[in-house]
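Biologist: Before we talk about side-chain contacts, could you put the chain on the screen and explain how each label is earned?

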Amino acid sequence: MTKLSVNINKIATLRNSRGGNVPNVLSTALACERFGAEGITVHPRPDERHIRYQDVYDLKAEISTEFNIEGNCQEQKFIDLVLANKPTQVTLVPDALGQITSNHGWDTIKHRDYLKEMVQLFQEQGIRVSIFVDPDEEMVEAAAETGTDRVELYTEAYAAKYGFDKEEAITPYFKAAKVAQQVGLGLNAGHDLDSNNLRYFNEHIPGLLEVSIGHALIADALYWGLEETIKRYLAALKA
Ligand SMILES: CC(=O)[C@@H](O)[C@H](O)COP(=O)(O)O
Ligand SMILES: NCC(=O)COP(=O)(O)O
């Protein structure tokens, strides 16, 4: 069964736009859990434009589902934050400074030795590690050599193509998922998944363990409310 981890970055974006504490990031995370979310994801960035480092400590103290912290381990501040909070999972994402959002996965061939070191550092503290990768069979295969527990497939390309040709859109993801199974890696996915494209993705990707969804889910909640939105996303995953 695929788990739904709700990414609450966008709640923090809205809060930060006024400088106060509305909407409250922690209360929203707890509401997501009450409404059935099986995990909470945050992706703190060095400029703290949405999730702030303090949010991570506040969330860690209160949430009871799987906590997933995503970010760039090339930033020492990120490493320190993750080690101090010991989330269920850290997802390593190769973001450039000032990037609007994540736009590519790790090159696990070029950076294999570095990633191996990072994976070991987090695993030694009991933190599950996932590496963000493009849906590329070679990248998935090389990820296994780092010792990572999982990979997260970057689904932007799938989401962009889904409306035109869903079979073509899913093909590289299906192939990457098969390789993950062959090399014994757990499989996550995320980025631009939404209420239209999620069910098809889940039905066609073998071994999918977790999706992390933020932007579209929070936008849908404006119309449907958070409880109903989470219910619909869960239904797409459990069907
Ligand atoms: C790794 C990934 O795909 C997500 O974490 C996404 O990048 C969300 O980050 P932003 O909310 O900063 O766009
Ligand atoms: N790992 C992907 C994620 O956390 C959320 O991405 P998005 O749904 O905000 O595009």
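**Labels and their reasons**

Modeller: Please keep in mind that this is a predicted model. A place to begin is Arg 34, whose charged end sits over the ring of Phe 35, 5.7 Å from the ring centre.

Biologist: What makes the contact of Tyr 173 and Phe 201 an aromatic pair that is edge-to-face?

Modeller: The centres of the two rings are 5.7 Å apart and their planes meet at 70°; because pairing needs centres within 6.5 Å and edge-to-face needs planes over 60 degrees apart, both conditions are met by Tyr 173 and Phe 201. The pair links distant parts of the chain, with Tyr 173 in helix H8 and Phe 201 in helix H9, 28 residues apart.

Biologist: Why is Tyr 173 called buried?

Modeller: Its relative accessible area is 1%, and since buried means under 20%, Tyr 173 therefore falls in that class. Phe 201, at 0%, is buried as well.

Biologist: How do you know that Glu 210 forms a salt bridge with Arg 128?

Modeller: The closest N and O atoms of Glu 210 and Arg 128 are 3.8 Å apart, and because the cut-off is within 4 Å, the contact counts as a salt bridge. Glu 210 lies in strand S8 and Arg 128 in strand S5, so the pair ties together parts that are 82 residues apart in sequence.

Biologist: Why does Lys 161 count as partly exposed?

Modeller: Its relative accessibility is 37%, and because partly exposed lies between under 20% for buried and over 50% for exposed, Lys 161 belongs to that middle class.

Terms used:
Residues are numbered from 1 along each chain as its sequence is written. Chains are lettered from A and ligands numbered from 1 in the order in which they are written. This is a predicted model: local features need pLDDT of at least 70, side-chain atom pairs count only at pLDDT 80 or more; totals for chains, interfaces and linings use all residues. Side-chain values use heavy atoms; hydrogens and water are left out. Rings of Phe, Tyr and Trp (its six-membered ring) pair if their centres lie within 6.5 Å; planes under 30 degrees apart count as stacked, over 60 as edge-to-face and the rest as tilted. Helices (H or I, at least four residues) and strands (E, at least two) are DSSP runs, numbered from the N terminus. Buried means under 20% relative accessible area, exposed over 50%, partly exposed in between (1.4 Å probe, protein chains only). A charge sits over a ring if NZ of Lys or CZ of Arg is within 6 Å of the ring centre and within 35 degrees of the ring normal. A salt bridge is a side-chain nitrogen of Lys or Arg within 4 Å of a carboxyl oxygen of Asp or Glu.
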